[in-house]
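Trainee: Could you take one part of this model and go through it slowly, then show me how the rest fits around it? I'd like the cut-offs spelled out as you go.

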Amino acid sequence: MQPRGHSLPLEYHRILLDDFTRVDFYDRAIRALVRPGDVVLDVGTGSGLLALLAARRGARVHAVESMPVARIAAALAARNGLADRIIVHERDLVEMEPVEPVDLILGEFIGRFLVDDRMLDAVEAAGRWLKPGGRCCPSSVTLRLAPVGNIPVPPIDLWRTPLLGLDLSPAVPWAVWGTSSTELPGGALLADPADWHRWITPGPPPPFAGEVRFRIGRRARFSGVLGFFEADLAPGIRLSSGPGATTHWGQVLFHAPPLALEPGDELVVHLEMLTSEDLDFRWSVTQLRCGTEVDAFSAQTGALVSMPQPTPLPPSGAGAELAAIARDSDRRGDLDAAITGFEAATRALTPADDAAAPAIWEDLALAYRRAGRPRDAVRAA
């Protein structure tokens, strides 16, 4: 039977070792938690770094890894004079019987949004090894969500923007029904993050379904919902992958169509993980203003066949008329409406509109530039 685990090249493990934030936080946690004589279980040891750090503190370590990288972990233990303190088990921890009770369960079993590392069942199985009163590092992992706005979303924006006069927008609904990796600064958040779920390790994982609410404090163009984790490694040592953190994880962005938000608006976000096998998610966003629904949206990964049909194009010959409406929106200072209008105008152009087309494209490019979208401005120009 094929063992479960990350059958990934050594480059993947190099990236983990090259993440100084990750390495530093775990090193500090191990220094705080490991005492000479402790017995430690390293869950998914990979190349063995955490096992090496724990053994160097005087622990005896069972390093369990289901993939062949376990042999590199054993070689590193031998080279660093720690082979007598580290026993490497090339086994599937879920199917492995405990060898002996341990004082500490140790592991970096966290994906970008926790679940995408697919190690939750291994951590739960590790609980069978733990002595009464034993410890776990991390002791808990909190998943957090926050709305973000006024940021580019390349997987969507590419399809929204005409290319050499060609309309790519029919692909937008497919792009919106998805997620992407991102690394955002703290200023991109439209409200303080909210806790979605907290997993107390090594117990059973939470249901990964729930609702959070956000009060918006400024006018913004909503771009999606950001997900990240905060892991309590040891007392006073909390590792975060949130906005502004420099890690290999980054954050996950749950896409959404743009919503024009006003100060005081409320966003109600429901997110649930449908399957742990394929890591499919379903999410919805409802925009409330003074308690009344203004807009709503829902999406689901892995379900393209059930997606809504793209919005039909405006009739041919309507380009000049749509451009006039967009220019009126621009004069009123409604930049989002102006961009939407100019985009619709370019889609409606026909050869009969060749004389008016350059000015419409120029207006769209200038609107993109004022909105802080220089790449789109270049594509439109």
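Mentor: Let's start with one helix, H10, and then work outwards to the salt bridges, the loops and the other end of the numbering.

A word on the ground rules before that. This is a predicted model, where local features need pLDDT of at least 70 and side-chain atom pairs count only at pLDDT 80 or more, while totals for chains, interfaces and linings use all residues. Residues are numbered from 1 along each chain as its sequence is written, and side-chain values use heavy atoms, with hydrogens and water left out.

Helix H10 covers residues 357–370. Helices here are DSSP runs of H or I with at least four residues, strands are runs of E with at least two, and both are numbered from the N terminus. With 14 residues, H10 reaches 20 Å from its first C-alpha to its last, close to the 20 Å expected at 1.5 Å a residue; that expected span is 1.5 Å times one less than the number of residues.

Now for what H10 hides. Its buried residues are Ala357, Ile360, Trp361, Leu364, Ala365, Ala367 and Tyr368. Seen down the axis of H10, they fall within an arc of 160°, so they line one face of the helix. The arc is taken from the directions from the helix axis to the C-beta atoms. As background, an α-helix has 3.6 residues a turn, so residues three or four places apart point the same way. Buried means under 20% relative accessible area, exposed means over 50%, and partly exposed is in between, with a 1.4 Å probe and protein chains only. On the face of H10 turned away from the buried side sit the exposed residues Pro358 and Arg369.

What does the buried side of H10 meet? Its buried residues pack against helices H6 (154–160), H8 (319–331), H9 (335–347) and H11 (374–380), where contact means heavy atoms within 4.5 Å. Just past the end of H10, Gly372 takes a positive phi of about 75°.

H10 also has a charged link. Arg370 forms a salt bridge with Asp330, their closest N and O atoms being 2.5 Å apart. That pair links distant parts of the chain, with Arg370 in H10 and Asp330 in H8, 40 residues apart. A salt bridge here is a side-chain nitrogen of Lys or Arg within 4 Å of a carboxyl oxygen of Asp or Glu. Arg370 is partly exposed at 47% relative accessible area, and Asp330 counts as partly exposed too, at 25%.

Overall, the structure holds 25 salt bridges. Take Arg144, whose side chain meets that of Asp195 at 2.7 Å, N to O. Arg144 is in strand E6 and Asp195 in strand E8, so this pair ties together parts 51 residues apart in sequence. Arg144 also pairs with Glu230, with 3.5 Å between the closest N and O atoms. Since Glu230 lies in strand E10 (residues 220–234) and Arg144 in E6, that bridge ties together parts 86 residues apart in sequence. Glu230 and Arg144 are both buried, whereas Asp195 is partly exposed at 49% relative accessible area.

A couple of loops are worth a look as well. Between strands E8 (194–200) and E9 (209–215) you find Pro202, joined to Thr201 by a cis peptide bond with omega about 0°. The loop between E8 and E9 also holds Phe208, a residue other than glycine with a positive phi near 55°; Phe208 is buried, at 4% relative accessible area. Another cis bond runs from Cys137 to Pro138, with omega near 5°, and Pro138 sits in the loop between strands E5 (130–137) and E6 (140–149).

For a helix to set beside H10, try H3 (residues 49–56), which is mostly covered: six of its eight residues are buried. They are Leu50, Ala51, Leu52, Leu53, Ala54 and Ala55.

Finally, the whole chain: it has eleven helices and 15 strands, and 50% of its 381 residues count as buried. Its C-alpha atoms fill a box of roughly 80 × 40 × 35 Å along the principal axes.
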